[in-house]
Amino acid sequence: MDTASFQVQKLAEQLKERGSLVIRTIAMPSDTNPSGDIFGGWLLAQMDLAAGNMAGQIARGRCATVAIEGIQFVRPVHVGDEVTIYAKLVKLGRSSITMNIQAWSRPRDQEHAENVIKAKFIFVAIDENGKSRALPDNAAENLVFTRLPKA
Ligand SMILES: CC(C)(COP(=O)(O)OP(=O)(O)OC[C@H]1O[C@@H](n2cnc3c(N)ncnc32)[C@H](O)[C@@H]1OP(=O)(O)O)[C@@H](O)C(=O)NCCC(=O)NCCS
């Protein structure tokens, strides 16, 4: 395999590992902590939004975050960085949906992005009374991120 083909294959594997791109946004001055770096709570909120988006598709309805496990803040995010949130489905239970969520940050004047935070998010499908409900049959097939856009 030539160098270019190897690099393309490596990139494809890396993107598959990250999962689906769910949110891409820009870190703004209003999102900083007192030290001037981007507030971890803002990043977690973006990740929760991304996980909720994926869970809502799978569950075809209301879901709630029940747990966030193993949060790792790998490196800081700076104002102006492009922040991308990836979500990958890990497991479906009766009512629960487990996803690996990663945030990647790219300085706006640079080419390379780096992983800045990762965590496992667990959502539960809930009914109108806020009680857990069973996921639909073949729920993983509801994931529209994995489909080609309709013509
Ligand atoms: C989500 C909620 C309805 C679940 O209630 P519950 O009494 O634990 O419900 P159940 O016992 O039926 O469990 C539901 C599922 O959650 C899973 N679960 C519950 N607590 C969990 C935890 N701490 N970690 C991982 N999974 C958990 C159970 O294993 C079960 O999974 P399964 O159905 O796939 O087997 C309830 O905990 C709740 O309302 N929490 C608050 C949610 C919230 O406000 N989130 C923030 C805003 S969205």
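A residue counts as buried if 20 or more other C-beta atoms lie within 10 Å of its own, as exposed if 12 or fewer do, and as partly exposed in between, with C-beta atoms placed from the backbone. By that rule, 26% of the 151 residues of this chain are buried. Welcome to a predicted model, in which local features need pLDDT of at least 70, side-chain atom pairs count only at pLDDT 80 or more, and totals for chains, interfaces and linings use all residues. Residues are numbered from 1 along each chain as its sequence is written.

**Overall layout**
- The chain has 2 helices and 5 strands; helices (H or I, at least four residues) and strands (E, at least two) are DSSP runs, numbered from the N terminus.
- Read from the N terminus, the order of elements is α-β-α-β-β-β-β.
- The C-alpha trace spans about 50 × 45 × 30 Å along its principal axes.
- UniProt, in an unreviewed entry, lists residues 17–129 as "domain: HotDog ACOT-type"; its positions are given here in the numbering used for this chain, feature names are shortened, and annotations may be inferred rather than shown by experiment.
- That span, residues 17–129, is 19% helix and 46% strand.

**Helix H2**
- Helix H2 covers residues 40–59, and its end C-alpha atoms are 28 Å apart, which agrees with the 28 Å expected for 20 residues at 1.5 Å a residue; the expected span is 1.5 Å times one less than the number of residues.
- Among the buried residues of H2 are Leu-43, Met-47, Ala-51, Met-54 and Ile-58.
- The cover over the buried residues of H2 includes strands E1 (20–26), E2, E3 (82–92), E4 (96–106) and E5, where contact means C-beta atoms, placed from the backbone, within 7 Å.
- Just after H2, Arg-60 has a positive phi of about 50°.

**Helix H1**
- Helix H1 (residues 3–18) lies largely in the open, because the number of its 16 residues that are buried is 0.
- Gly-19, just after H1, takes a positive phi of about 105°.

**Around the ligand**
- The ligand is surrounded by 13 residues, and the closest are Ala-67, Gly-93, Arg-94, Ser-96 and Ser-132; a residue is near a molecule if its C-beta atom, placed from the backbone, lies within 6 Å of it.
- Strands E2 (63–73) and E5 (114–125) each supply at least two residues of this shell, and E2 gives the most, with 4 residues.
- The shell holds 6 nonpolar, 6 polar and 1 charged residue; Ala, Val, Leu, Ile, Met, Phe, Trp, Tyr, Cys and Pro count as nonpolar, Asp, Glu, Lys and Arg as charged, and the others, Gly among them, as polar.

Key
Two residues are in contact if their C-beta atoms, placed from the backbone, lie within 7 Å.
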